[in-house]
Amino acid sequence: MVRFRRFAVALALSISLVAAAPALAKAKAAAPAPTADLVKAVDIPYEAFTLDNGLRVIVHEDRKAPVVAVSVWYRVGSKHEPAGKTGFAHLFEHLMFNGSENAPDDFFEPLRQVGATDFNGTTFLDRTNYFASSGTTSACRGEFSRRGLQANGSTSADRTNYFETVPTGALDLALFLESDRMGHLLGAVTQEKLDNQRGVVQNEKRQGDNNPYGLLRYEIFENLFPKGHPYHHSTIGSMADLDAASLDDVKKWFTDNYGPNNAVLVLAGDIDVPTAKAKVGEWFGDIPRGPEIKAPATSLPTLPAPLAKEVKDLIPTTRIYRMWTMPGLNDAEAVPLQMAMSVLGGLSSSRLDNALVRKDPVAVSVSAGASPFEDAGIVLVQADVKPGVDPAHVAKRLDEEIAAFLASGPTADELQRATASYLGGAISQLESVGGFGGKAVTLAEGALYSNDPAHYKVELERLAKATPEQVKAAANKWLSRPAFSLTYTPGERTEGGENRGGAVIAAKGAPAVQPDRYWNPALGDVGPDSGIGAATAIADRSQFPAVSGLKALEFPDIERAKLKNGIEVVFARRATVPTVNVQVSFDAGYAADPHSALGTQSLMLSLMDEGTTSLDSIAFAEAKERLGAQTYGYADADETALGLFALKPNLRASLALLADYVRNPAFDAKELERVRAQQLNRLKAELNEPRAIAQRVLMPALYGAEHPYGIPPSGLGNAKAVTEATRDQLAAFHSAWIRPDNARIFVVGDTTLAEVKKELDAAFGDWKAPATAKPVKHFEIAVPAPQSRILLVDRPKSPQSVILAGKVLDVKGGDGLEVLRAANDIFGGNFLSRFNMNLRETKGWSYGVRTSVTGEKDRVSWIASAPVQADRTGDSIKELQSDLKAFLGDKGVTKEELQRTVNGSVRELPGSFETSSDVLGGLRAIAKFDRPDDYYEKLPATYEAMTPEALDAAARNALSTDDLVYVVVGDAAVVKPQLDGLGLPVETVSLDN
């Protein structure tokens, strides 16, 4: 199950309004759905069987879409690594994507061909993603993007998993690939592949370390868990240990840990048990058992005395942590402790929020959470000090509030709100069969960690039955022990991450736990003979299985209606789970921000979260929590939207809250000072984050500072404007842009158009537009002629450089850019693209690079994004130029590349609209770009009509190598000499100029 945390909805959106709205009597009077009813709604039926070789198989049938989630979980993670081998589980996970004996090429190639979605591999503790969002640019603002090819992998302390969701007709192919790397891997593992992925992983480590708080993962685990404890070291490992990994190590790791008897396979979706038994037996039945795995010895440590440490980092304000270890996820006290942390600092109306952020605002933000792993876990409480307040005073107040909570415990009402909020998230996740958080994950976690695929029901029962007394007792038991107090203060780091992450930190501690199954060549130990040979093939592995029976996308029927005041409602029914998603969208976005007051809209949206004219900040948060609802605000370049996630039984009361939120924001002056401090803090944080810095420099350079898109894409604006903004200014902006004649309402969920129109009419139908004319955004402002140059931002001691390059295209988002986007996919738009395969897979200079055609409604841009190791900054720009020049020259799109792109784009469509939020995104894109309602159903014909010549022509017409503007954020002492040799003007800039 998902661990307790602040409930996050997939799309975050928010808005505000000052006009009169219906009274909230209905919301106040409506009783929320009983907890018992919500618990019953969380149900994942399954059947299980085990092959003779020990592979445990779990099958869940869900016929809502013609897709099957395939999820393979191995009980091996970083906790199984002995000293000197840190980072090994994660490094091996990377190698699992580099081909097997009967599928020697990249693992993602055949999956892309069949339109797989949500595919990945993971290893977990400080979760490490095989390819995270770092290779993309958030300048892709506004265009709805399908989930598509999510080539990924991650590793944890407790396990490594690999997953993909495929069209039903491609299930045999997915099982072929997964079984081939389980049973037929070693013949395909080479020194070259090991060396390459070692470089990729080291750049992944540099990329994480380079960010603010990037070294926090080392501080947590190295200080809470003693040297030798399996959780002591980071999953990413140390540079030295990664360098020391040998090919023999790799092969031994595989034979020791990757047997079928150490794995769980979950198939969830368009499949039944007889089909699963036949297919799994065919593909996995011939793989011999591996050695029996003995888990490393673990313990639940307690610090012998309070421990305090202070570190410096490029952060906006002092952050104060209090940390403890906690029992693992199977312990009966894990759930009560998570509930305690939700009440203390997880809910919007948490004790810490109310005390330290709202009533006595000494902190700009606070949080508390409990994260159980298999054998132990971490409780973490934190507070970000409000600028101007003495950190010592905040630390004292934080400790006082923790002590007060331990003394009083939670109230019954607080527990009800925590439970309802949690169950809302759990129910929403039932829509997805796979991915990072779908039903396959829930079943696999239960089977792997608790020997019970339905362990989530045990957790839910504990959740529903928890009493204030139980929760108080659990909190006192675990938080009354000595704490690790870590203080992060703004300043230059005194050390980097190059030497962190290994199992070598601590002055004196327990001897290292050495799993007796691991081969230690330093001692001359060759390990016991496992008796494992290559699998004897039963299935035909001479060629990939045929893909057949693929089904076309059936996008939900789109229905429309108008409210009494003329607001259009766009509706699609999705009844898979008892939830409803609503978004009120306005034609505004960050492009509507006054250029003299950038950041106005973000400040307005934040202030809207802090109460209405009838409910103050705390009461508004509590009302949502009781209903298991979430309102959320969001803006991109073009649109501002106000959203609601609601449980169906609580829809009426939730819509009343939404209407109050949209129409009656309080814009309380006291709350303004609080959210102003928060936005200034976020702004300072952005000015320390290398990618955000690059974006703030690039967009004005491309569009010009006066153009609506020539602004920092985060929308946070600048400190002067945020500092000077007044309540009346925010209310005026709200009145001008957030109005019924500028609105459209989108609804997707378990209701009908007639039902929801009735409720929306009651909530919004009497909302009248102001007499003033609607404002306009000035896209007629000319975009400056491109002047190719390099803008260098000095960020001393950065182990990586972030490179952005871009140009504004002479096309708009609604111009029909499918051919150009397909060409971009081939050059740099996905994992298998030329640019990424060169810099990541061939050169090993980056964790991942991407290019994109952005998604604004007016003129779009083409952006390349490349975080690379610092000593290869100049070389990486050369490679971008060389690759792009060749692509636009005599090495255009090949037939094979086109086939992969067309097949993948067409075949992924049925799996790309699996959830209500997916459908909601599709509806918004159809409306934004004035597309026909059958746009997605006709997309296959658009793709299938493409030719290499058409893609080449589109790329050559739009792109070139001689008009790109580059931004580089990195250590100028290391980088500038490299840039000076590229033949382009180099300008050293700062965010001030």
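Reader: Between which two strands is the loop with T317 found?
Author: This is a predicted model, in which local features need pLDDT of at least 70 and side-chain atom pairs count only at pLDDT 80 or more, while totals for chains, interfaces and linings use all residues. Residues are numbered from 1 along each chain as its sequence is written, and side-chain values use heavy atoms, with hydrogens and water left out. Helices (H or I, at least four residues) and strands (E, at least two) are DSSP runs, numbered from the N terminus. The loop that holds T317 lies between β9 and β10.

Reader: Is T317 buried or exposed?
Author: A residue is buried under 20% relative accessible area, exposed over 50%, and partly exposed in between, with a 1.4 Å probe and protein chains only. The relative accessibility of T317 is 6%, so this residue counts as buried.

Reader: Which residue has its backbone oxygen 2.6 Å from a polar atom of the side chain of T317?
Author: Contact means heavy atoms within 4.5 Å. Not counting residues up to four places away in sequence, T317 touches Y213, D384, V385, P387, Y488, P490 and N681. The backbone oxygen at 2.6 Å from the side chain of T317 is that of V385.

Reader: Which strands stand at the edges of the sheet of 5 strands?
Author: Two strands pair if DSSP finds at least two bridges between them. This open sheet has the order β9-β13-β10-β12-β11, with mixed pairing. Each edge strand has a single partner, so one side of it is left without a neighbour in the sheet; these strands are β9 (307–313) and β11 (363–372).

Reader: In β12, which residue is the bridge partner of P327?
Author: Strands of a sheet pair through backbone hydrogen bonds, either parallel or antiparallel. β10 (residues 319–327) and β12 (residues 376–385) take the antiparallel sense, over 9 bridges. Within β12, the partner of P327 is A376.

Reader: At about what angle does helix α13 run to β10?
Author: Axes are lines fitted to C-alpha atoms, for helices over the stretch in contact, and angles run from 0 to 180 degrees between N-to-C directions. Helix α13 (residues 391–408) lies across β10 and β12. The angle between α13 and β10 is about 30°.

Reader: Why are the buried residues of α24 on the same side of this helix?
Author: In helix α24 (residues 727–737), the residues L730, A731, F733, H734 and W737 are buried. The arc is that of the directions from the helix axis to the C-beta atoms. These residues are on the same side of α24 because they cover an arc of only 160°.

Reader: Which exposed residues does α33 carry on the face turned away from its buried side?
Author: The buried residues of helix α33 (residues 948–958) are P948, L951, D952, A954, A955 and A958. They fall within an arc of 165° seen down the axis, so they line one face of the helix. Their cover includes β21 (800–812), α26 (818–829), α28 (873–888) and α29 (895–907). The face turned away from the buried side of α33 carries E949 and N957.

Reader: By how much is one strand turned to the next, on average, in the sheet of 6 strands?
Author: This open sheet has the order β22-β23-β21-β24-β20-β25, with mixed pairing. Its edge strands, β22 (850–853) and β25 (986–989), each pair on one side only. From one strand to the next, the twist averages 20°.

Reader: Which residue of β25 stands opposite V793?
Author: β20 (residues 789–794) pairs with β25 in the parallel sense over 4 bridges. Helix α34 (residues 972–980) lies across β20, β21, β24 (965–970) and β25, and runs at about 170° to β20. Opposite V793, in β25, stands V989.

Reader: What is the relative accessible area of N203?
Author: N203 has its place in helix α6 (residues 191–210). Beyond its neighbours within four places in sequence, N203 is in contact with Q800, G844, W845, S846, Y847, V868 and Q869. N203 is buried, and its relative accessible area is 0%.

Reader: What percentage of the residues in the chain is buried?
Author: The secondary structure of the chain comes to 34 helices and 25 strands. Of the 993 residues in the chain, the buried ones make up 64%.

Notes: A polar contact is a pair of N or O atoms within 3.5 Å; within protein, one must be able to donate a hydrogen and the other to accept it, and residues adjacent in sequence count only if both atoms are side-chain atoms.
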